[in-house]
Amino acid sequence: MNAVVILPDHLHCIWTLPQVDADFSTCWNMLKGYFSRHIAKGERISTGRKSRRERGIWQRRFWEHLLRDQIDFNRHVDYIHWNPVKHVWAKRVSDWPYSGFHRYVEQGVYP
């Protein structure tokens with residue numbers, strides 16, 4: 001996972017998948033399942049989701065975008081890290097704890 005931010009109502013991330021296994025749907029399914037099994041229950045769940053044994057935290061779809069070059073990659077990483085500020089969950093990017101931004105700072109990518 002190259003970049004990630006988890007917000008109360010959605011998440012964004014950039015993955016680099018192996019060339020021999022670029023199955024985004026299976027990867028998302030595994031990530032959602034693992035995450036769902038490791039957080040507290042209590043969110044509102046519709047009757048339909050209950051009957052399918054689904055949690056209420058995930059939407060069924062995802063948007064895939066193939067990054068074209070380093071500039072495109074950098075723009076998306078910045079967008080991901082800025083998202084908590086954009087959605088007014090934090091005043092500064094560094095204030096949001098559920099972000100890969102902090103790893104980028106530790107690695108010297110960001111000051």
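**Exercise 1. Contacts of Leu 67**

Task: In this predicted model, find which residues Leu 67 touches, not counting residues up to four places away in sequence.

Solution.
- Step 1. Set aside the residues up to four places away from Leu 67; the residues touched are then Ile 14, Asp 72, Phe 73 and His 76.
- Step 2. Place the residue. Leu 67 sits in the loop between helix 2 (47-51) and helix 3.
- Step 3. Check one partner along the chain. Ile 14 and Leu 67 are 53 residues apart in sequence, and their C-alpha atoms are separated by 9.1 Å.
- Step 4. Classify the exposure. Buried means under 20% relative accessible area, and exposed means over 50%. Leu 67 has 23% relative accessibility, so it counts as partly exposed.

**Exercise 2. The partner in helix 3**

Task: Say where His 76 lies, and list what His 76 touches beyond four places in sequence.

Solution.
- Step 1. His 76 belongs to helix 3.
- Step 2. Beyond four places in sequence, His 76 touches Ile 14, His 65 and Leu 67.
- Step 3. Go back to Leu 67. Its contacts include both Ile 14 and His 76. The contacts of His 76 include both Ile 14 and Leu 67.
- Step 4. Is His 76 buried, partly exposed or exposed? Its relative accessibility is 28%, so His 76 counts as partly exposed.
- Step 5. Now take a pair with a wide gap in space. Glu 54 and His 76 are 22 residues apart along the chain, and 30 Å separates their C-alpha atoms.

**Exercise 3. A lysine in helix 1**

Task: Decide whether Lys 32 is buried or exposed, and name its contacts.

Solution.
- Step 1. Locate the residue: Lys 32 is part of helix 1.
- Step 2. Read the value. The relative accessible area of Lys 32 is 15%.
- Step 3. Apply the cut-off: buried means under 20%. Lys 32 is therefore buried.
- Step 4. Leave aside neighbours within four places in sequence. Lys 32 is then in contact with Trp 58, Gln 59, Arg 60 and Arg 61.
- Step 5. Set this against the chain. Buried residues make up 27% of its 111 residues.

**Exercise 4. Two exposed loop residues**

Task: Place Gly 42 and Val 88 in the chain, and find which of them is reported with a positive phi.

Solution.
- Step 1. Gly 42 is in the loop between helix 1 and helix 2. Val 88 is in the loop between helix 3 and helix 4 (101-106).
- Step 2. Gly 42 has a relative accessible area of 71%, so it is exposed.
- Step 3. Val 88 has 70% relative accessibility, so it also counts as exposed.
- Step 4. Recall the general rule. Most residues other than glycine have a negative phi.
- Step 5. Turn to Val 88. Its phi is near 60°, a positive value in a residue other than glycine.
- Step 6. Add a distance. The C-alpha atoms of Gly 42 and Ala 90 are separated by 24 Å, with their positions 48 residues apart along the chain.

**Exercise 5. A valine in helix 4**

Task: Describe the exposure of Val 105 and its contacts beyond four places in sequence.

Solution.
- Step 1. Val 105 is located in helix 4.
- Step 2. Its relative accessible area is 31%, so Val 105 is partly exposed.
- Step 3. Beyond four places in sequence, Val 105 touches Tyr 110 and Pro 111.
- Step 4. Ser 94 is 11 residues away along the chain, and the C-alpha atoms of Ser 94 and Val 105 are separated by 9.3 Å.

**Exercise 6. The whole chain and its largest pocket**

Task: Give the pattern of helices and strands, then describe the largest pocket.

Solution.
- Step 1. Count the elements: 4 helices and 2 strands. Along the sequence they run β-β-α-α-α-α.
- Step 2. Take the box filled by the C-alpha atoms. It is roughly 45 × 40 × 20 Å along the principal axes.
- Step 3. Now the pocket. The largest one has a volume of about 1100 Å³.
- Step 4. It is lined by 34 residues; closest to its centre are Leu 11, His 12, Cys 13, Trp 28 and Trp 63.
- Step 5. Strand 2 (11-14), helix 1 (24-37) and helix 3 (70-86) are the elements that each give two or more residues to this lining.
- Step 6. Finish with the surface. The chain exposes about 8500 Å², and carbon and sulfur atoms supply 55% of it.

Technical notes
Residues numbered from 1 in each chain as written. Predicted model: local features only at pLDDT ≥ 70, side-chain atom pairs only at ≥ 80, totals over all residues. Heavy atoms only, no water. Buried < 20%, exposed > 50% of the residue type's maximum accessible area, 1.4 Å probe, protein only. Areas by Shrake-Rupley, 256 points an atom, 1.4 Å probe, with all protein chains shown as cover. 1 Å grid on protein atoms, 1.4 Å probe; cavity = no way out; pocket = protein on both sides within 12 Å on 5 of 7 lines; lining within 4 Å. Points joined across faces, edges and corners; volume = space filled by probe spheres on them. Contact = heavy atoms within 4.5 Å.
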